[in-house]
Amino acid sequence: MITAIVLIHAEAARIPETAQALADLEGVAEVYSCAGDVDLIAVVRVRDHEKIAEVVTGRVNKTPGVLRTTTHIAFKSYSSADVEAGFSIGE
C-alpha cells in the first residue's frame with residue numbers, strides 16, 4: 001500500500017464542504033482540517049503509484065473548493081512501538 005499526504009489550500013468559505021467531498025473520494029482514507037500553512041490535509045492510500053496520480057490530479061485537484069495542493073509520498077510508516085523497538089538493544 002502506498003500512502004501520500006496531500007496538503008490542500010482551500011476556499012475559506014467552503015472548507016467543511018470541501019473536506020467532506022474529499023473524504024468521500026475513492027482512495028482518500030482521511031481528511032483533516034487544521035490550522036497553519038494549509039487548510040486541509042488528506043491521506044491517500046492506494047495500491048500503486050499510477051493510482052496516486054489518478055486520485056490526486058484526477059479527483060482531489062478537481063474537487064470544488066480546492067485551490068492548490070502539494071503531495072508528499074510516504075516511504076515508511078512508524079508507530080510509537082516501532083520507534084521504541086528501534087532503540088531497544090538486545091531485548
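Colleague: In this predicted model, how many bridges join strand E2 to E3, and in which sense do the two strands run?
Modeller: Strand E2 covers residues 28-33, and its pairing with E3 can be followed at glutamate 30, whose bridge partner in E3 is valine 43. The two strands run antiparallel, and the bridges that join them number 5.

Colleague: Which residue in the turn between E2 and E3 has a positive phi?
Modeller: E2 and E3 form a hairpin, with 6 residues between the two strands. Within that turn, a positive phi of about 120 degrees belongs to glycine 36.

Colleague: Over how many bridges do E1 and E3 pair?
Modeller: Strand E1 spans residues 2-10, and one of its positions, isoleucine 2, stands opposite valine 46 in E3. The sense of the pairing is antiparallel, and the number of bridges is 7.

Colleague: Why is strand E3 described as largely enclosed by the rest of the structure?
Modeller: Strand E3 consists of residues 40-46, and a residue counts as buried when its relative accessible area is under 20%. E3 is largely enclosed because the number of its 7 residues that are buried is 5.

Colleague: Which element supplies the largest share of the largest nonpolar core?
Modeller: This core has 19 residues, and those touching the most other members include Val6, Ile8, Val28 and Val44. E1, helix H1 (15-23), E3 and helix H2 (49-60) each supply at least two of its residues. The largest share, 5 residues, comes from E1.

Colleague: Which residues does valine 28 touch, leaving out those up to four places away in sequence?
Modeller: Valine 28 is among the core residues that touch the most other members. Beyond its sequence neighbours up to four places away, valine 28 touches Leu22, Ala23, Ala42, Val43, Val44, Val55 and Val60.

Key: Residues are numbered from 1 along each chain as its sequence is written. This is a predicted model: local features need pLDDT of at least 70, side-chain atom pairs count only at pLDDT 80 or more; totals for chains, interfaces and linings use all residues. Side-chain values use heavy atoms; hydrogens and water are left out. Buried means under 20% relative accessible area, exposed over 50%, partly exposed in between (1.4 Å probe, protein chains only). Helices (H or I, at least four residues) and strands (E, at least two) are DSSP runs, numbered from the N terminus. Two strands pair if DSSP finds at least two bridges between them. A nonpolar core is a set of buried Ala, Val, Leu, Ile, Met, Phe, Trp, Tyr and Cys residues joined through side-chain atoms within 4.5 Å. Contact means heavy atoms within 4.5 Å.
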